[in-house]
Amino acid sequence: MSSYVRRLRETFPRDDAPRKPPSVRDVTSWITRPPYSLSTDQAQQLKGILTRCPALDSAAEHGRAFADLMNNRQGRRLQQWIARVEADDLPALHTFTAGLAQDLDAAVAGLSLIPVRKPLKERPPPCCRLGVPGSAVSPMGSDHWKSLTHCSAGAPRLGVPR
């Protein structure tokens, strides 16, 4: 019996088990990551998914273009991007572009300006940024931390007796 089954297996090789479809989280991750960071298998699966769903393909293309605007600080191209999105039948993205259009100048400025960050030596220690004196939520003001002595054990607490 075993030799008969062995011959059958050799004659009719079995196919690989069906592949489990990727999760929504996986596909979202593949769309939002740079294409060069995807494995060959991930890139092929994403290509197949986008081929089967033209609306998702279009949304992914617009999302990548918007990410490019943000990453390269190209706010001046925002109106062109909005026009391309409005030309497609993607209601969710139309809602997003309508929100951008409400204050287009601010959106363009936000996508164009380089963020300014205080040097580390001028920033308050973490205990002051977490709701203790000297933090942005503290009524004592944002520079109050400069007058305090800080360490993890001696950091002042708000209204908590020691």
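Follow the protein chain along its sequence and you get the pattern α-α-α-α-α-α-α-α. That is eight helices and zero strands. Keep in mind as you look around that this is a predicted model.

How much confidence does the prediction carry? The mean pLDDT of the protein chain is 78, with 69% of the residues at 70 or more. One stretch that falls below 50 is residues 134–139, although the model still gives this stretch 12 contacts beyond near neighbours in sequence. Residues 150–162 also stay under 50, and here the model has 18 contacts beyond four places in sequence. Read those two parts of the picture with their pLDDT in mind.

Now for the overall figures. The protein chain has 162 residues, and buried ones make up 22% of them. Its accessible surface comes to about 12,300 Å², and carbon and sulfur atoms hold 58% of that. As for contacts with a separation of 6 or more, 36% of them link residues 24 or more positions apart.

Let's go inside. Which residues build the largest nonpolar core? There are 12 of them: F66, L69, L78, W81, I82, V85, L90, L93, L100, L104, A107 and L111. Four helices each give two or more residues to this core, namely α4 (54–71), α5 (78–87), α6 (91–102) and α7 (104–112). The largest share is that of α5, with four residues. Another core lies apart from this one; it has eight residues, including V27, W30, I31 and L38.

Back in the largest core, L69 is a good residue to click on. Setting aside neighbours within four places in sequence, L69 is in contact with Q74, R77, L78, W81 and L111. Two of those partners, L78 and W81, are themselves members of the largest core, as is L111. Q74 is another story by residue type, so is it buried or exposed? Q74 counts as buried because its relative accessible area is 16%, and the cut-off for buried is under 20%. You'll find Q74 in the loop between α4 and α5. Beyond four places in sequence, Q74 is in contact with D68, L69 and L111.

D68 brings us to charge. Side chains of opposite charge can pair when their charged atoms come close. How many salt bridges does a search of the whole structure find? It finds one. The partners are D68 and R77, and their closest N and O atoms are 3.8 Å apart. D68 is partly exposed, at a relative accessible area of 31%. R77 is partly exposed too, at 28%. Both ends of this bridge connect with residues you have already met: R77 is in contact with L69, while D68 is in contact with Q74.

Staying with α5, take a look at A83, which sits in that helix. A83 is partly exposed, with a relative accessible area of 48%. Along the chain, A83 and T97 are 14 residues apart, and their C-alpha atoms are separated by 9.0 Å.

Next, move back along the sequence to α3, which covers residues 40–52 and holds Q42. Q42 has a relative accessible area of 21%, so it counts as partly exposed. Its contacts beyond four places in sequence are W30, R33 and S37. W30 is one of the residues of that other core. Q42 also has D26 at 9.1 Å in space, C-alpha to C-alpha, with their positions 16 residues apart in sequence.

K47 is found in α3 as well. With a relative accessible area of 61%, K47 is exposed. K47 and D57 are 10 residues apart in sequence, and their C-alpha atoms are 8.9 Å apart in space.

Finish at the start of the chain, on the outside. M1, Y4, L8 and F12 make a nonpolar surface patch of about 510 Å². M1 is found in the segment before α1 (2–11). Is M1 buried or exposed? M1 counts as exposed because its relative accessibility is 77% and the cut-off for exposed is over 50%.

Note on methods: Residues are numbered from 1 along each chain as its sequence is written. This is a predicted model: local features need pLDDT of at least 70, side-chain atom pairs count only at pLDDT 80 or more; totals for chains, interfaces and linings use all residues. Side-chain values use heavy atoms; hydrogens and water are left out. pLDDT is the predictor's confidence in each residue, from 0 to 100. Contact means heavy atoms within 4.5 Å. A nonpolar core is a set of buried Ala, Val, Leu, Ile, Met, Phe, Trp, Tyr and Cys residues joined through side-chain atoms within 4.5 Å. Buried means under 20% relative accessible area, exposed over 50%, partly exposed in between (1.4 Å probe, protein chains only). Patches are made of residues with over 30% relative accessible area and no salt bridge: like charges are joined within 9 Å, nonpolar side chains (Val, Leu, Ile, Met, Phe, Trp, Tyr) within 5 Å. Accessible areas come from the Shrake-Rupley method with a 1.4 Å probe; for residues, only the protein chains shown count as cover. A salt bridge is a side-chain nitrogen of Lys or Arg within 4 Å of a carboxyl oxygen of Asp or Glu.
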